[in-house]
Amino acid sequence: MTKDLADYFSALSKQVPHPPIVAAGKLVRGIGLTLEAIGCQLPVGSQCKVQTVDGEIEAEVVGFGDDITYLMPTEPVRGIVPGSRVAPLNRESGLAVGMGLLGRVVDGNGQPMDGLGPIVAQTRVPTIKPAMNPLHRRPIERPMDVGVRSINALNTVGMGQRMGLFAGSGVGKSVLLGMMTRGSTADVVVVGLVGERGREVKEFIHEILGEEERKRAVVVAAPADTSPLMRLKGCETAVTIAEYFRDQGLNVLLLIDSLTRYAMAQREIALAVGEPPATKGYPPSVFAKLPALVERAGNGGDNQGSITAFYTVLTEGDDLQDPIADAARAILDGHIVLSRSLADSGFYPAIDIEASISRVMPMVVSEEHLTLARRIRQVYSTYKQNKDLIAIGAYAKGSDPRIDLAIQAEPVINAFLQQGYKDVIPYDECLQGMMGLAKGLGQAN
């Protein structure tokens, strides 16, 4: 081999290898939310761009069948025509994460929405990660202060617990999330506003969070007018960001509003690509995705932090047997139920302590705390069960000492359970108030 030829091959070997060539395809059908393309062999979950008469729109591969690739746009569909070119989108894979996310508002793809410039990221992580080995998680052993008296005292949340917030529309879910955001002792707060009113996004950031709380918070917004794919990715992006901070050894409070909208987004996508409906119109993939999302929260392993998560669940018509509500209740570590009747009477937060439960409370509080909480619940429940008799005057005072005590204690318990939406009541103060209340009930009995 001559010297010139050797130099030529040496130069070729030093060149940077090119990525594999992927052929572009074309659109053959566009019905409703779904675009169908042929000629592009892209893996499910990959991004692509669709050429239109108005420019380009982004889409994601959500399925395939024979030689058809099903695409779901991430933005409003406009200007598509038969034969529009579909090409892979050359973009770094994964979600950009880092401490620069604190104080920022991002969309479902992790792109900034607040006009404060690009996100300063330390690394990129996949939005879908392998499930964590449950034996590698630390047990839940410490209580989490959320600044809400009725939760701290009677439905104590453990650090690393996953709770559901069940309520119909307009009962105060978002306000309660804001109260927990301000009152939490977590290092970082990650809020996912998914599928809700666009007005609530700015309202939550400026009115509920405030300037001081924004410094330790990350807000992921995917309002109701975004595509179902963006709503789906909004939840997953919020969880991925929370996982990053947990892996840095920080304790994270994750608030997802709402889990129901996440399920509805998956239903829209699944039905659009031909998956058959099952329970009340929800395809089976919905009930597979819910536990996969929820199980990503919780305590990490050694040298990691924790994710304490609250997921709001919209109960249609205040029906707790709704398919999504029923599925969520089975996979969560407890549930807080907001009552419409309490809200209508001006009782806030409208937490129904009879219907609410924290499954890990016995593991994170003392026996005395459990006994006092049980005593308050018993007296409160006695009054509720006999409320109608008392209201119509059918109960004669002195007939039952338990009911006499409940009538006497009812205004005191109600005052204990109510709280202003801007008030933050620390955990220790909640316990002191509960001890005073419960001891008074014991003496009166």
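## Where two strands meet

Let's start at a turn in the chain: the bridge partner of G65 in strand β5 is I68. Strands here are DSSP runs of E with at least two residues, helices are runs of H or I with at least four, and both are numbered from the N terminus. G65 belongs to strand β4 (residues 55–65), and I68 to β5 (residues 68–73). These two strands run antiparallel and are joined by six bridges. They form a hairpin with two residues between the strands, and in this hairpin D66 takes a positive phi near 55 degrees.

This is a predicted model, in which local features need pLDDT of at least 70 and side-chain atom pairs count only at pLDDT 80 or more, while totals for chains, interfaces and linings use all residues. Residues are numbered from 1 along each chain as its sequence is written, and side-chain values use heavy atoms, leaving out hydrogens and water.

## A strand covered on both faces

What joins β5 to strand β2? Three bridges link β5 with β2 (residues 34–38), and this pair runs antiparallel. E36 has Y70 of β5 as its bridge partner, while L35 stands opposite L71 in β5. With β4 and β2 both joined to it, β5 takes its place in a closed barrel of six strands, ordered β1-β2-β5-β4-β3-β6 with antiparallel pairing. Strands count as paired if DSSP finds at least two bridges between them.

Is β5 largely enclosed, or is it open? Six of its six residues are buried, so β5 is largely enclosed by the rest of the structure. Buried means under 20% relative accessible area, exposed means over 50%, and partly exposed lies in between, for a 1.4 Å probe and protein chains only. In a regular strand, side chains alternate between the two faces of the sheet. In β5, I68, Y70 and M72 are buried on one side, and T69, L71 and P73 are buried on the other.

## A pocket and its helices

Now move along the chain to the second largest pocket, with a volume of about 510 Å³. Of the 27 residues that line this pocket, G172, K173, S174, V175 and E200 are the closest to its centre. A pocket is an open set of points on a 1 Å grid over the protein atoms alone, with protein on both sides within 12 Å along at least five of seven lines, and lining residues have an atom within 4 Å of a point. The volume is the space filled by probe spheres set on the points, which are joined across faces, edges and corners. Helices α3 (173–183) and α4 (198–214) each supply at least two residues of the lining.

Helix α3 deserves a closer look: 10 of its 11 residues are buried, so the rest of the structure largely encloses it. Among the buried ones are K173, S174, M180, R182 and G183. What do the buried residues of α3 pack against? Their partners are α2 (149–154), β12 (162–167), β13 (188–194), α4, β15 (251–257) and β17 (306–314).

## Three loop residues to compare

V424 sits in the loop between α13 (401–417) and α14 (427–444), and at 40% relative accessibility V424 counts as partly exposed. V424 touches G147, R182, G183 and Q419, not counting residues up to four places away in sequence; contact means heavy atoms within 4.5 Å. V424 and M180 are 244 residues apart in sequence, and their C-alpha atoms are 8.5 Å apart in space.

R296 is in the loop between α7 (284–294) and β16 (298–299) and counts as buried at 10% relative accessibility. Leaving aside residues up to four places away in sequence, R296 touches T127, I128, R137, E236, V239, T240, E243, R246 and I307. P276, in the loop between α6 (259–272) and α7, is exposed with a relative accessible area of 53%. With residues up to four places away in sequence left out, P276 touches P283 and P284.

## The whole chain

Stepping back, the protein has 14 helices and 19 strands. Its C-alpha trace spans about 110 × 50 × 40 Å along its principal axes. Of the 445 residues, 51% are buried. Among contacts with a separation of 6 or more, 71% are between residues 24 or more positions apart.

Note on methods
On a 1 Å grid over the protein atoms alone, a cavity is a set of points where a 1.4 Å probe fits but cannot get out, and a pocket is an open set with protein on both sides within 12 Å along at least five of seven lines; lining residues have an atom within 4 Å of a point.
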